[in-house]
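Trainee: Could you take me closely through the place where two chains pack helix against helix, and then set that contact in its surroundings? I should like the account to stay with the contacts themselves.

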Amino acid sequence: MQELLKSFLGDNALVYIIMGVPPLIFILLYALVTLYMEMKVSAHIQDRVAYMRTGWHGVLQPFADILKLIQKEDIIPAQADKLLFTLAPYLVFTGTYAGFAAIPFSEGYIGSNINLGVFYIVAASSIVVAGLLMSGWASNNKWSLLGAMRSAAQIVSYEIPSALAILVAVMITGSLNLNDVSKFQEGGLFNWVVFGGPLPLLQKLAIIPFTATAFFILLTAGIAEANRTPFDLPEAESELVQGFNTEYSGMKFAIFYVAEYANMFLVSAVAVCLFLGGWQSPFGSALSGPIWGVFWIVIKGMAFVFFQIWLRWTLPRLRVDQLMYVSWKVMTPMLFVCVFAVGLILVL
Amino acid sequence: MDLATVIFYVFVLITLGSAAVVVVSRNIVRAAFALLFTLFGVAAMYAFLMADFLAVTQLLVYVGGILVLLIFGVMLTNRQISVDIKTGTVQTWLAALIVAALGGTLAGIVWSTQWNILSQPPAETAGAPKIGEMFLGSYLLPFEIASAVLLVALIGAALIARRERTS
Amino acid sequence: MATALKIYFTDIYRALYTVAVGLKLTFLHLFTPSVTIQYPDVKLKLPERARNRLYVNIDDCIGCDQCSMACPVDCITIQTIKSTPDVDLGTTSGGNKKRLYVSQFDIDIAKCCYCGLCVYPCPTECIVMTDVYEFAEFDRQNLLYNFSSMTPAEITVAKEKAKKAEEEAAAKKAAAAAAPKPPAAPGTPPPAAPTTPGT
């Protein structure tokens, strides 16, 4: 797609700006769909039905919700730091949106085809941490501050297992660029990294337990980084009102919301690209191509977004010490074992 | 002017402007958050120099690590949030002299250096693979020593921070 | 050491196992038919003796005022006018003869506490609780239900007639009072007891 645009516009910075638009459109559409999905799945798990009155089975409700948020009064608390308060939601969204630049939506489309790919995504998500801290401090509210601190501590801790899990996949594929990683997994379901990638059979069988563990841990760490239940301590309603976005209303709250949803997809998409073949079709060459690529990556990503929602209504919230225990004493040592074992298997 | 140049100058403006805020701001938390934009702007400069690994590392280490740590520190020492830092000027003339000398030296270096300006950006960036090979190849010993030093620092910090268990 | 390791791994195993069990349960619930009743479209049948809006069958009302007196919140207001012997107000469905015009029978349903106490004393069973529960109004005044079927003109006529009859009766009484008193009925005690014990 980049080459196509370049042939029209020449080698111009405008090309890169246009390249940045599709993820933004995708995030906005996806947020609407996920809003609906979250409500419906939540309701059906609890034997309810959720929206039923706006359109067929309430499909128009997300639009109504967004309209409501746009119309709402944008309240800035009198004692808040107005500049930082206004800046924070945009910073959080920027961090998440920046991550989308390295997600290959299909063979032909990737926002920025840099070599560093995943490493860049991990780095970009650190802007989110700063944004959360900013929102928590600027609100001048103890709940917000505590929520932001918890959130930052949580994201920083879970970056370590997720980076190590990424390392496991990267060791096999030999590239940080998610597009190359996806290309590497060509040839159907069993060539995906979670099944050992296109390695000789013996190596593959030896490697599967470790890749599967790494994939599972990456997914769990992703849920923690997206601040979703059971790791939603930063937003723990029963103790912290709404965490860092307690004081936010109207459009700013909507931006936080969209950023959270976008982050859910981002972590899913990274896991999908690294372990489940990204835009590769599970049936080998059948149903593959640039358009099918978009379909596959979105379907796979949405499956894990669904999984996150599903998990939300299954597990209660963890305690802070349990959260840290899982990260430092379970996931990190296990991943060290995985990294070591995968390295060993690849060398032998 | 080329759009890329405009973007470059926007980043320059962000870097310098936020750096000025860091120095001038009386509010310590605002100064810390302004530092975020400075570091981000510097990362953008690296990206413009085609050093993408350095840019991303800058973002990860400085923004994600050091800055968050700094903000945590500032927030946890809550007495400093409410207290404004005194930013008065003391010994104006002496300071101006030193600043002039320092600035002059820097400007002199910038002017006198023979910059190796490439007519075209390099086709391939000296990205992660090359850096990785160097770390694990010719520079293995310094790399390992640095890791060992960091490990020692980590253990030491844990030991100091840990409360003595009274049995 | 070995036991600590064992506990560590059993904990991990148990965490994963219990999460899997929970996920299975919630997944099954995803396909359980929902229990929601979509109220305005689907309505549950109320129990037979549900107490909701009051209804008065004014044709059966004899104006006895017992419901009004039973009401703990005074939400029923009844005014009656005596009828003259020459008019026939008809009978209730139970066969009782009606002797009073019911000129006003107001129920302020906003005050009603749905206790049903007004229903039991009614001799003709004309005040009942129905199963109608959707009677929200925008104006509170609309919750004041008038059950009387009489028009203002009819009320004036009836009132005048009643007044006239009363006056006639009063006149008759006065005439009767003017006439010599009939002797006291046998068995009645004398007006003042001559002796009081204990004094």
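Mentor: The crossing in which H7(A) passes H3(B) is left-handed, meaning that the near helix is turned anticlockwise from the far one by less than a right angle (clockwise would be right-handed). This is a predicted model, in which local features need pLDDT of at least 70 and side-chain atom pairs pLDDT 80 or more, while totals for chains, interfaces and linings use all residues. Residues are numbered from 1 along each chain as its sequence is written, chains are lettered from A and ligands numbered from 1 in the order written, and side-chain values use heavy atoms, without hydrogens or water.

H7(A) covers residues 142-173 and H3(B) covers residues 52-76; helices are DSSP runs of H or I with at least four residues, strands runs of E with at least two, both numbered from the N terminus. The two axes come within 12 Å and cross at roughly 150 degrees; axes are lines fitted to C-alpha atoms, for helices over the stretch in contact, and angles run from 0 to 180 degrees between N-to-C directions. H7(A) and H3(B) are therefore roughly antiparallel (over 145 degrees; under 35 is roughly parallel, 65 to 115 roughly perpendicular and the rest oblique).

On the H7(A) side, the residues in contact (heavy atoms within 4.5 Å) are Leu145(A), Met149(A), Ala152(A), Ala153(A) and Val156(A). Their partners in H3(B) are Gly64(B), Val68(B), Phe72(B), Met75(B) and Leu76(B). By class, this contact has nine nonpolar residues, one polar and no charged; Ala, Val, Leu, Ile, Met, Phe, Trp, Tyr, Cys and Pro count as nonpolar, Asp, Glu, Lys and Arg as charged, and the others, Gly among them, as polar.

The helix pair belongs to the interface of chains A and B, where 30 residues of chain A are in contact with 27 residues of chain B. About 2,400 Å² is buried between these chains, and carbon and sulfur atoms give 84% of that area; buried area is the accessible area (1.4 Å probe) that two parts lose on being put together, summed over both. One salt bridge is found across this interface, a salt bridge being a side-chain nitrogen of Lys or Arg within 4 Å of a carboxyl oxygen of Asp or Glu. The bridge joins the side chains of Arg30(B) and Asp81(A), with 2.4 Å from N to O. Chains A and B share the most contacts of the two pairs of chains that touch.

Chain A also meets chain C, with 21 residues of chain A and 18 residues of chain C taking part. Here about 1,600 Å² is buried, 66% of it on carbon and sulfur atoms. On the chain A side, Asp47(A), Arg53(A) and Trp310(A) lose the most area to chain C, together 32% of what that side buries. There is one salt bridge between chains A and C, formed by Arg53(A) and Asp41(C), whose closest N and O atoms are 3.2 Å apart. Chains B and C have no contact, and their closest C-alpha atoms lie 20 Å apart.

Within chain A, a second helix pair may be set beside the one you asked about. H6(A) (residues 117-138) packs against H11(A) (residues 250-275) at about 160 degrees, the axes being 12 Å apart. That angle makes H6(A) roughly antiparallel to H11(A). The crossing of H6(A) and H11(A) is left-handed. Val118(A), Ile121(A), Leu132(A) and Ser135(A) of H6(A) touch Phe256(A), Leu266(A), Val270(A) and Leu274(A) of H11(A), a set of seven nonpolar residues, one polar and no charged.

H11(A) also carries one end of a salt bridge: Lys252(A) pairs with Asp74(A), their closest N and O atoms being 3.1 Å apart. This pair links distant parts of the chain, 178 residues apart, with Asp74(A) in the loop between H4(A) (61-71) and H5(A) (82-100). Over all chains, the structure holds nine salt bridges.
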